[in-house]
Amino acid sequence: MEQHNRTSRGSSFRSKRPYSSTSPRGGNFSRRPRAPGGGSAGGYSSGSRFRSGGGSGGGYRGNSRGGFRRGGGGGGRARSTFDVSQYINKNPVKNTPEEAYTNTHLFNDFGFQKPVVSAIERSGLTTPTPIQDQIIPHIMEGKDVVGLANTGTGKTAAFLLPLINRALTDDKSEVLIMTPTRELALQVEQELRKLSDGMHLFSTTCVGGTNMWQQISRLKRKNHFVIGTPGRILDLIKRNAINPKYFSAVVLDEADRMLDMGFILPIKDILKNTPATRNTLFFSATMSPNIERLISDFLKNPITVSVKKKDITGLIEQDVVHYTPHDKFTVLAGLLKQADFTRVIIFGSMKHSVEKLSIELNEHGIKSESIHGNKSQSQRQRALKRFKDGDVRVLVATDVAARGIHVDHVSHVINYDLPGTYEDYVHRIGRTGRGVHLGKALTFVR
């Protein structure tokens, strides 16, 4: 939301107070995988373990029990050993609608201002989802909350609606929303625009890959919402473009992914400089020890609401595809020529290899686009739009696309390179099999 019609000398974004912080460090990649939905190691599988190699840079080494752990330094990507069966599920449970949920509230019951109620009606929202039904009353009361919910449960509206309502009743209200990826930040911005249309509320979205000076200029004006990734938010705080002490509420969306990506120190630096009186809203798919510590350090008597859906891995057909070092691309190209591969996301491990693979696919007549960290935000948005619009049927991506990108009717997810953790695997394959549609996931193994 980049509309502005006034300036505010008292805004939090004009402070010249110096600020110092600690640089972020890498995340924890030591979690052990578990088998996703059963299934025997049949089909393409020829044994209980496989070895993965190729590529360059730091790798991930599997331990003897099939776990993931970060590989050591030195040249070359470390070979890995994994349990093949974790990538096989040939008999997924039919993706039926979730068990019926009985709401205790309608949208009119939350006490929203009339403009918010009108925006809800225009958006086509009829009945609150379970996370909205259970958590909105607590946010309206100004309580700290922890929402445990998967993507696609309506959690964005669950925190935006009460915060928009607060901004309408308190013009001094300033909210910080942090997300793990640029794409998710932009999706939150789009949802905010839709739900606050015509209310004269203003925001700035602060993510990497875009012009920082434009963001600094917009932050000089009054903003009710600042949305961004922790790294860019911290950069802007260091430049005195944002003063965190004025935020009355802070939202961490997909907090588990932010911690996995190594943002724990920037998040702590940002939170410790916000007012003790702020409201803090955590939304996460999992409750890791690091999340628990953050909650203990920064939330006040939080209310926890859990509406976790059943494990998606049991709902997706999964198998492995064997290859040799000399025929990996040939095997992939053969798969993509099959008629049922109508809309495909291919995951690679490294930025340069993802770009190279996309170019090679195009050279072989398979229209594709790529998304990775070396592309500017505008380039990533154009690539995603072409994929959504059907101009290309293949999107090659690093794990930046595993969260925050929602495309309907993805027929297949292909793990061309192995994921770094089991959680990464789950988020990757979750791009397919959405709603009532069955999905398929294939993992390349040697």
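Here are a few worked exercises on the predicted model above.

Some ground rules: residues count from 1 along each chain as its sequence is written, and side-chain values use heavy atoms, with hydrogens and water left out. Since the model is predicted, local features need pLDDT of at least 70 and side-chain atom pairs count only at pLDDT 80 or more, while totals for chains, interfaces and linings use all residues.

**Exercise 1: the open sheet**

Task: Work out in which order the 6 strands of the open sheet run, and which strands sit at the edges.

Solution:
- Start with the labels: helices (H or I, at least four residues) and strands (E, at least two) are DSSP runs, numbered from the N terminus. Two strands pair if DSSP finds at least two bridges between them.
- Tracing the pairs gives the order E12-E17-E16-E13-E15-E14, with parallel pairing.
- Strand E12 (316–322) and strand E14 (368–371) are the edges, as each pairs on one side only.
- From one strand to the next, the twist averages 20°.
- Zoom in on one edge: E14 pairs with strand E15 (residues 394–397) in the parallel sense, over 4 bridges. Here Ser 370 stands opposite Val 396 in E15.

**Exercise 2: helices lying across that sheet**

Task: Find which strands helix H12 (residues 377–389) and helix H13 (residues 422–429) lie across.

Solution:
- Fix the geometry: axes are lines fitted to C-alpha atoms, for helices over the stretch in contact, and angles run from 0 to 180 degrees between N-to-C directions. Contact means heavy atoms within 4.5 Å.
- H12 lies across strand E13 (344–347), E14 and E15, and it runs at about 140° to E14.
- H13 lies across E12, E13, strand E16 (412–415) and strand E17 (439–445), at about 150° to E16.

**Exercise 3: an enclosed strand**

Task: Decide why strand E9 (residues 249–253) is largely enclosed, and find its parallel partners.

Solution:
- Set the scale: buried means under 20% relative accessible area, exposed over 50%, partly exposed in between (1.4 Å probe, protein chains only).
- Count the burial: 5 of the 5 residues of E9 are buried, so the rest of the structure largely encloses the strand.
- Check the faces: Ala 249, Val 251 and Asp 253 are buried on one side, and Val 250 and Leu 252 are buried on the other.
- Strand E6 (residues 175–178) pairs with E9 in the parallel sense over 4 bridges, with Val 175 opposite Ala 249.
- Strand E10 (residues 279–284) also pairs with E9 in the parallel sense, over 5 bridges. In E10, Leu 281 is the bridge partner of Val 251.

**Exercise 4: two helix crossings**

Task: Describe how H1 crosses H3 and how H5 crosses H6.

Solution:
- Two packed helices are described by the angle between their axes and the distance between the axes.
- For helix H1 (residues 114–122) and helix H3 (residues 155–169), the axes come within 9 Å and cross at roughly 145°.
- The H1 and H3 crossing is right-handed (left-handed if the near helix is turned anticlockwise from the far one by less than a right angle, right-handed if clockwise).
- Pro 115, Val 116 and Ile 120 of H1 meet Leu 161, Ile 164, Asn 165 and Leu 168 of H3. These divide into 6 nonpolar, 1 polar and no charged (Ala, Val, Leu, Ile, Met, Phe, Trp, Tyr, Cys and Pro count as nonpolar, Asp, Glu, Lys and Arg as charged, and the others, Gly among them, as polar).
- The axes of helix H5 (residues 212–219) and helix H6 (residues 230–238) come within 11 Å and cross at roughly 65°; this crossing is right-handed.
- The contact uses Met 212, Gln 215, Ile 216 and Leu 219 of H5 with Arg 232, Asp 235 and Leu 236 of H6, which divide into 4 nonpolar, 1 polar and 2 charged.

**Exercise 5: salt bridges**

Task: Take some of the 16 salt bridges and place their partners.

Solution:
- The criterion is a side-chain nitrogen of Lys or Arg within 4 Å of a carboxyl oxygen of Asp or Glu.
- Lys 194 bridges to Glu 191, with the closest N and O atoms 3.4 Å apart. Both lie in helix H4, 3 residues apart, about one turn of the helix.
- Lys 272 and Asp 269 meet at 3.3 Å, N to O; Lys 272 is exposed at 55% relative accessibility, whereas Asp 269 is buried at 5%.
- Asp 340 and Lys 440 meet at 3.9 Å, N to O. Asp 340 is in the loop between helix H10 (328–336) and E13, and Lys 440 is in strand E17, so the pair ties together parts 100 residues apart in sequence.
- Finally, salt bridges with shared partners join Lys 155, Asp 253 and Glu 254 into one network.
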